[in-house]
Amino acid sequence: PPAKQRMVLASTPNVLITSSGLNSAQAIRDLTAAVYDAGGSIAASKKVVLGSHYSLLMALWLPEATPASAAATLSKTLEAHVAGGASLSVVPLESTGGGAEDATVTRRLKIECPQKPGIVLTVTQLLQDHGAVTSQMEAGTSAREGAIWFEIECLVELPESVVEEVGAQLAFWSDGAGAKLLFDASPFRAPLEAA
């Protein structure tokens, strides 16, 4: 079996698993056992259960592997672990970046602000205008200080040349909206500082 390695800050997921089927503790245990046996680490995972069925997305990092080889390795390991009945697919996560002139970077974006219509539209339009693509987006509302607050967190891939401009425009927008903002280079979740 491959040697187990810890993820480092520069690690990026190189394979995606999608799975759905009857929900059980064994299904997820078998899936994570296969990831472990293949030498992988879970970078992010989302599972939704409706009734007796689940649907799962899992982004994985396999050390020293191209996305295609990581997917091939994991597919073989999954065949030995996962019981029938569940649908399962393994997809290599290829980089979309081009040459140096098209270099992209990943930034974590987290916004918390009083809820009002149009927040997601405003932010996604600003990002699209700068050639950014979002992933791993989560959004929701919560009760805070006697009001409804909106929270959004996602990873943003954008051209390196526009990072400062996007950061400045997000800061300008967040000041006007009374929002708390985090826009940093870490691909890992982080709490917002109190305003």
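**Close-up views**

**View 1. C113 is buried, its relative accessible area being 1%, in a model that is predicted.** A further cysteine, C154, also counts as buried, at 2% relative accessibility. With the cut-off for burial placed at under 20% relative accessible area, the value of 1% puts C113 in the buried class, and the value of 2% does so for C154. The structure holds 0 disulfides, so no pair of cysteine sulfur atoms in the model lies within the 2.5 Å that would define one.

**View 2. The chain as a setting for the close-ups comprises 4 helices and 8 strands.** Followed along the sequence, these elements come in the pattern β-α-β-β-α-β-β-α-β-β-α-β. Of the 195 residues in the chain, 33% are buried, and among contacts with a separation of 6 or more, 71% are made by residues 24 or more positions apart. The mean pLDDT of the chain is 83, with 87% of the residues reaching 70 or more. Confidence is lowest in helix α2 (residues 67–81), where the mean is 81, and highest in helix α4 (residues 163–177), where it is 92.

**View 3. Four strands form an open sheet in the order β2-β3-β1-β4, with antiparallel pairing.** The edges are taken by β2 (41–50) and β4 (87–92), each of which has a single partner strand, so that one side of each is left without a neighbour in the sheet. On average, and with direction ignored, neighbouring strands of this sheet are turned by 10 degrees against each other. Helix α1 (residues 25–37) lies across β1, β2, β3 and β4, and runs at about 15 degrees to β3.

**View 4. Strands β1 (residues 15–22) and β3 (residues 53–61) are paired in the antiparallel sense over 8 bridges.** Two positions serve to read the register of this pair: T18 stands opposite L57 in β3, while G21 stands opposite Y54 in β3. In general, the strands of a sheet pair through backbone hydrogen bonds, in either a parallel or an antiparallel arrangement.

**View 5. Strands β2 and β3, which run antiparallel, are joined by 9 bridges.** Within this pairing, K47 stands opposite L56 in β3. The hairpin that β2 and β3 make has 2 residues between the strands, and G51 takes a positive phi near 60 degrees there. V48, found in strand β2, is partly exposed, because its relative accessible area of 47% falls between the limits of 20% and 50% that bound this class. When residues up to four places away in sequence are not counted, V48 touches H53, Y54 and S55. The C-alpha atoms of V48 and S20 are separated by 9.4 Å, although these residues are 28 residues apart along the chain.

**View 6. The side chain of E153 makes a polar contact with the side chain of R108, at 3.2 Å.** E153 has its place in strand β7 (residues 147–159). With a relative accessible area of 7%, E153 is buried, so the acidic residue of this side-chain pair falls below the 20% cut-off for burial.

**View 7. E145 has a positive phi of about 55 degrees, although it is not a glycine.** The loop between β6 (133–144) and β7 is where E145 is found. The relative accessible area of E145 is 69%, and E145 is therefore exposed, given that exposure is set at over 50%.

**View 8. At the end of helix α3 (residues 119–129) stands D129, an exposed residue with a relative accessible area of 52%.** The side chain of D129 makes a polar contact with the side chain of Q125, at 2.7 Å. D129 can also be related to V166, which is 37 residues away in sequence and 9.5 Å away in space, C-alpha to C-alpha.

Note on methods: Residues numbered from 1 in each chain as written. Predicted model: local features only at pLDDT ≥ 70, side-chain atom pairs only at ≥ 80, totals over all residues. Heavy atoms only, no water. Buried < 20%, exposed > 50% of the residue type's maximum accessible area, 1.4 Å probe, protein only. Pairing = 2+ DSSP bridges. Axes fitted to C-alpha atoms, helices over the stretch in contact; angles between N-to-C directions. Contact = heavy atoms within 4.5 Å. Polar contact = N/O pair within 3.5 Å; in protein donor to acceptor, adjacent residues only side chain to side chain. pLDDT = per-residue confidence, 0-100.
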